[in-house]
Amino acid sequence: MKTEHLPQSQQARVVLVGITKHGVQQLTAIAPELPDARILVSDKFAAQVQAFSERSIVYSGALRDQMQALFTDFDQIIFFVSLGAVVRLIAPLLRSKDEDPGIIVVDDAGQFVIPVLSGHVGGANAWAEHLAHLMGAQAVLTTASDVGKTIPVDILGRELGWEVIAPKIHITRVSADVVNGELIAVVQDAGSPDWWKRPNPLPENIHCFSDFNAVDLQKYRSVLWITRQDIPAQMWETLRDRLVVYRPPEGQI
């Protein structure tokens, strides 16, 4: 995975968290590849991260006491500890996918990298794939659009600066239509054409148009419309939860 595909990769605040011997070994091995990431370890492993002292945080006591600060201060929290332990640690702090940081777990053997929380909106899926590439590990993605290698409706065009315009229920239901293989029309009359970032071809259930009027609304279950046009209220009413609109920034082709 190429670094430029990471969402907001230059701005993301990343922390590597290790609390076991093997976890800290994994952490220190990958830390040189992530020079902007902070490091958090318990005081008994302070000596092992001495080479990274300028960006290390050493704590004493229980890791749970550090969790609120981690959620506040970082966009991606990468745990080198068991998945079950992480679930218990983060559970009291969860709010919504729009607010929670990306949570990633690396197993003790360094074989698997698992995005646990905020995979799409929070960017954990992309970071997990990037980390797995650096480590020679396997990213374990469970988000349906990633597994099916299809359009992530909620973040389409985010790296291009597109704004998603639709009620959340529309996004949820159109996302279901996409991953369930329903016929989907993508209409684009504005914005960069370079929005398909996956290495595989566009799935067969996704059909592209340059004019909304060319779409047979009886045939297509849902519509993704990339446009700067104002959408009439009647069209929103007619399509209801079948429509998601994306607004490219002014000046973009």
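## A salt bridge between distant parts of the chain

Asp 98 is partly exposed, its relative accessible area being 45%, and in this predicted model its side chain meets that of Lys 168 in a salt bridge with an N to O distance of 2.7 Å. The two residues belong to distant parts of the chain, 70 residues apart, since Asp 98 sits in the loop between helix 3 and strand 5 whereas Lys 168 is part of helix 6. Lys 168 has a relative accessibility of 58% and therefore counts as exposed, the limit for that class being over 50%.

## Other charged pairs

Side chains of opposite charge can pair when their charged atoms come close. The model has 7 salt bridges in total, and one of them joins Arg 95 to Glu 99, with the closest N and O atoms 3.1 Å apart. Arg 95 is exposed, at a relative accessible area of 65%, while Glu 99 is partly exposed, at 47%.

A further salt bridge, with 3.1 Å from N to O, brings together the side chains of Lys 197 and Asp 194. Both residues count as partly exposed, Lys 197 at 33% relative accessibility and Asp 194 at 44%.

## The loop between strand 9 and strand 10

Ser 192 is located in the loop that runs from strand 9 (184–188) to strand 10 (206–209). With a relative accessibility of 14%, Ser 192 falls under the 20% limit and so counts as buried. A polar atom of the Ser 192 side chain lies 3.1 Å from the backbone nitrogen of Asp 194. Leaving aside residues up to four places away in sequence, Ser 192 touches Leu 160, Trp 162, Gln 252 and Ile 253.

Asn 200 lies in the loop between strand 9 and strand 10 as well, and Asn 200 is also buried, with a relative accessible area of 19%. The side chain of Asn 200 reaches the backbone oxygen of Lys 149 at a distance of 3.1 Å.

## The sheet of 5 strands

Strands 9 and 10 belong to an open sheet of 5 strands, arranged in the order 8-12-11-9-10 and with mixed pairing. Because strand 8 (163–165) and strand 10 each have a single partner strand, they stand at the edges of the sheet, and one side of each is left without a neighbour there. From one strand to the next the twist averages 20°.

Strand 9 and strand 10 run parallel and are joined by 4 bridges, and Ala 185 stands opposite His 207 of strand 10. Helix 6 (residues 168–179), which contains Lys 168, lies across strands 8, 9, 10, 11 (222–226) and 12 (243–247), and runs at about 105° to strand 12.

## The sheet of 7 strands

A second open sheet, also with mixed pairing, has 7 strands in the order 3-2-1-4-5-6-7. Its edges are formed by strand 3 (56–59) and strand 7 (138–139), each of which has a single partner strand, so that one side of each lacks a neighbour in the sheet. Within this sheet, strand 5 (residues 102–106) and strand 6 (residues 112–117) pair in the antiparallel sense over 4 bridges, and Val 105 has Ile 114 in strand 6 as its bridge partner.

Helix 1 (residues 21–30) packs on the sheet by touching strand 1 (14–18), strand 2 (38–42) and strand 4 (76–80), and its direction makes about 145° with that of strand 1. Helix 3 (residues 83–90) likewise packs on the sheet, where it touches strand 4, strand 5 and strand 6, and its direction makes about 155° with that of strand 5.

Methods: Residues are numbered from 1 along each chain as its sequence is written. This is a predicted model: local features need pLDDT of at least 70, side-chain atom pairs count only at pLDDT 80 or more; totals for chains, interfaces and linings use all residues. Side-chain values use heavy atoms; hydrogens and water are left out. Buried means under 20% relative accessible area, exposed over 50%, partly exposed in between (1.4 Å probe, protein chains only). A polar contact is a pair of N or O atoms within 3.5 Å; within protein, one must be able to donate a hydrogen and the other to accept it, and residues adjacent in sequence count only if both atoms are side-chain atoms. Contact means heavy atoms within 4.5 Å. Two strands pair if DSSP finds at least two bridges between them. Axes are lines fitted to C-alpha atoms, for helices over the stretch in contact, and angles run from 0 to 180 degrees between N-to-C directions. A salt bridge is a side-chain nitrogen of Lys or Arg within 4 Å of a carboxyl oxygen of Asp or Glu.
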